[in-house]
Amino acid sequence: MKKTAALIAVLMMTMAAPLAVTAAEHDHGSMHEGHGSQMAQMGKVVHQQVVDGVKVTFRIMDMKGMGMPAGIKETHHLMAEFADAGSGKPLTEGEVKVKMVNPDKSEQTKDLMGMEGHFGADIVMAKRGKYGVMCKFKVKDGKVRSSKFWYVVK
Ligand SMILES: [Cu+2]
C-alpha cells in the first residue's frame with residue numbers, strides 16, 4: 001500500500017509540474033496569480049470600439065474579495081485586448097499606456113503589461129465616482145491609436 005501511495009504522489013507531482021511552470025511564466029509581478037484567460041472572462045467588458053482597423057476591448061475586474069494582501073492599494077484590474085478588426089485575429093504585441101483621471105481630478109498613469117492574450121495593470125479605484133480612462137496603444141503596425149471611456153464606481 002505504501003508503494004502505491006508513493007507512486008500516486010509521484011504521478012501527482014508530474015501532473016502538477018506543467019501547471020507550476022505555467023503559473024510562473026504568467027507571473028507578471030501582479031498580486032493575483034494564475035491570471036489567465038479565465039480570469040479575463042471574469043472582468044466585465046466596459047468599453048469596446050474599433051479604432052482605425054483595430055478592435056479594442058476593455059475589461060475591468062473588481063479585486064475586492066479576491067484575497068488581496070493587506071496594504072495593496074490597487075483595487076481593480078484593468079485589461080485591454082486588441083484584435084484586427086477585419087480578420088478578428090488577436091494582436092498580442094504592442095505598447096499600451098493608460099492615463100486615468102480620478103473623480104477628484106488627480107491622475108494616475110500606468111503601463112499595461114502583456115499577459116496571456118491581453119494587456120493589464122492593477123489600478124486604484126478606491127473612491128466612488130466617475131473615472132476617465134484614456135488609453136494610447138501601439139500595436140504591430142507601429143501606429144499610435146487611442147481610445148477613451150468613462151467608468152463609474154458606485
Ligand atoms: Cu491582466
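These legends describe close-up views of a predicted model.

**Figure 1. Overview of the protein chain in the predicted model.** The protein chain holds two helices and nine strands. Along the sequence, the pattern reads α-α-β-β-β-β-β-β-β-β-β. The chain has 154 residues, and 21% of them count as buried. Take the contacts between residues at least 6 apart in sequence: 55% of these join residues at least 24 apart.

**Figure 2. The hairpin of strands E8 and E9.** Strand E8 spans residues 129-139. Strand E9 covers residues 144-153. The two strands run antiparallel and are joined by 10 bridges. One bridge pairs Lys130 of E8 with Val152 of E9. Four residues lie between the strands of this hairpin. In the turn, Gly142 has a positive phi of about 80 degrees.

**Figure 3. Lys130 in strand E8.** Lys130 is exposed, because 11 other C-beta atoms lie within 10 Å, and a residue with 12 or fewer falls in that class. Beyond its neighbours within four places in sequence, Lys130 contacts Pro103, Trp150 and Val152. Val152 is also the bridge partner of Lys130 in E9. The C-alpha atoms of Lys130 and Lys105 are 9.7 Å apart. In sequence, 25 residues separate Lys130 from Lys105. Lys105 sits in the turn of the E5 and E6 hairpin.

**Figure 4. Lys136 in strand E8.** Lys136 counts as partly exposed, because it has 14 C-beta neighbours inside 10 Å. Setting aside neighbours within four places in sequence, Lys136 is in contact with Lys97, Val144 and Ser146. Lys136 and Lys99 lie 37 residues apart along the chain. Their C-alpha atoms are separated by 8.4 Å.

**Figure 5. Strand E5 between its partners E8 and E6.** Strand E5 takes in residues 94-101. Eight bridges join E5 to E8, and the two strands run antiparallel. Met100 has Val133 as its bridge partner in E8. E5 also runs antiparallel to E6, with six bridges joining them. Here Val98 has Lys110 of E6 as its bridge partner.

**Figure 6. The turn between strands E5 and E6.** E5 and E6 form a hairpin. Five residues lie between the two strands. Among them is Lys105, in the turn, with a positive phi of about 75 degrees. Strand E6 then covers residues 107-115.

**Figure 7. Strand E7, a mostly covered strand.** E7 spans residues 118-123. Five of its six residues are buried. Strand E3, residues 76-84, pairs with E7 in the antiparallel sense over five bridges. E6 pairs with E7 in the antiparallel sense as well, over three bridges. Phe119 of E7 is the bridge partner of Ala80. Phe119 is also the bridge partner of Gly114.

**Figure 8. The turn between strands E6 and E7.** These strands form a hairpin with two residues between them. Gly117 takes a positive phi near 85 degrees. Before the turn, E6 ends at residue 115. After the turn, E7 begins at residue 118.

Technical notes. Residues numbered from 1 in each chain as written. Predicted model: local features only at pLDDT ≥ 70, side-chain atom pairs only at ≥ 80, totals over all residues. Buried ≥ 20, exposed ≤ 12 C-beta atoms within 10 Å, placed from the backbone. Contact = placed C-beta atoms within 7 Å. Pairing = 2+ DSSP bridges.
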